[in-house]
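Let's practise reading a protein model together. Take your time with each exercise, and try it yourself before you read the solution.

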Amino acid sequence: MIERWLSEIEAIRRDTRAVLEGLTPEQANQQPEPGRWSVAQNLVHITTTTKPYLDAMEPTVRAPSNGTVRRGLLASLLVRSMEPPPRMRVKTLRRLEPPETIDVVAALQDFEATHERVAALVRGADETTFRCQRFRSPFASFMKLRLDQGVDVLLAHARRHLWQARQARRAIGVPG
């Protein structure tokens with residue numbers, strides 16, 4: 001599980017660099033059409049959403065364990081719904097919407113630092129801890145997820161928006 005996650009994090013970082021490769025800042029910020037996010041907006045959204053999850057998860061990794069916790073059905077459905085390609089369009093919370101124009105270099109640096117935090121979280125505990133600890137979703141307070149489900153949500157969400165970023169790149173006429 002831990003090695004798989006670390007491999008997925010590295011793949012997400014590689015895919016992010018690849019989707020930005022060869023784009024000018026103007027192209028990275030170009031929305032394919034009104035109401036659709038640009039490559040850069042997708043990147044910023046991934047980071048903006050990941051940080052509150054990490055803030056909720058990091059203290060839980062260090063908390064004492066109370067034994068294995070069942071995987072929640074709602075959380076399992078959330079993970080599945082995040083995988084690309086999107087099966088339905090979900091309205092983003094206003095506080096998670098990216099700005100219209102983005103400094104692409106700064107956004108990539110923030111993305112990289114945030115995903116290093118994800119990797120540090122994964123490296124910071126054993127598999128038992130990930131199955132025994134739960135945290136409250138930062139966006140749906142009624143939902144508690146196991147730590148392993150939280151990591152799965154973050155990675156699936158990143159893959160979903162990287163898929164959307166590749167679609168945005170193609171839509172503005174830049175192959176890749």
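Below are four exercises on this predicted model, each with a worked solution.

**Exercise 1. Find out which residues touch the most other members of the largest nonpolar core, and which helix gives the largest share.**

Step 1: Start with the core itself, which has 47 residues.
Step 2: Look for its best-connected members: M57, F130 and V151 touch the most other members.
Step 3: Now ask which helices contribute. At least two residues each come from α1 (2-20), α3, α4, α5 (104-123) and α7 (147-171).
Step 4: The largest share belongs to α7, with 10 residues.

**Exercise 2. Decide whether D152 and R4 are buried, partly exposed or exposed, and describe the contact between them.**

Step 1: Remember that side chains of opposite charge can pair when their charged atoms come close.
Step 2: Check the distance: the closest N and O atoms of D152 and R4 are 3.9 Å apart. The cut-off for a salt bridge is 4 Å, so this pair forms one.
Step 3: Place the partners in the chain. D152 sits in helix α7 and R4 in helix α1, so the bridge links distant parts of the chain, 148 residues apart.
Step 4: Judge the accessibility. D152 has a relative accessible area of 14%, so D152 is buried. R4 has 41%, so R4 counts as partly exposed.

**Exercise 3. Work out whether R146 and D148 are buried or exposed, then look at the other salt bridges.**

Step 1: The side chains of R146 and D148 form a salt bridge, with 2.6 Å from N to O.
Step 2: Buried means under 20% relative accessible area. R146 has 7%, so R146 is buried; D148 is buried too, because its value is 3%.
Step 3: Elsewhere, shared partners connect the salt bridges of E10, R13, R17, E112, E116 and R123 into one network.
Step 4: Zoom in on one pair of that network: R17 and E10 form a salt bridge, their closest N and O atoms being 3.5 Å apart. R17 is partly exposed, at 35%, and E10 is partly exposed as well, at 32%.
Step 5: For the whole structure, the count of salt bridges is 14.

**Exercise 4. Name the residues that gather in a patch of positive charge on the surface, and say where R70 is found.**

Step 1: The patch brings together R70, R134, R136 and K144.
Step 2: Follow R70 along the chain: R70 lies in the loop between α3 (39-62) and α4 (73-82).
Step 3: Exposed means over 50% relative accessible area. R70 reaches 72%, so R70 counts as exposed.

Definitions and conventions. Residues numbered from 1 in each chain as written. Predicted model: local features only at pLDDT ≥ 70, side-chain atom pairs only at ≥ 80, totals over all residues. Heavy atoms only, no water. Patch = residues over 30% accessible without salt bridge, like charges linked within 9 Å, V, L, I, M, F, W, Y side chains within 5 Å. Areas by Shrake-Rupley, 256 points an atom, 1.4 Å probe, with all protein chains shown as cover. Lys, Arg positive; Asp, Glu negative; His and termini not counted. Charge placed at Lys NZ, Arg CZ, Asp CG, Glu CD. Helix = DSSP H or I, 4+ residues; strand = E, 2+ residues; numbered from the N terminus. Buried < 20%, exposed > 50% of the residue type's maximum accessible area, 1.4 Å probe, protein only. Core = buried A, V, L, I, M, F, W, Y, C linked by side-chain atoms within 4.5 Å.
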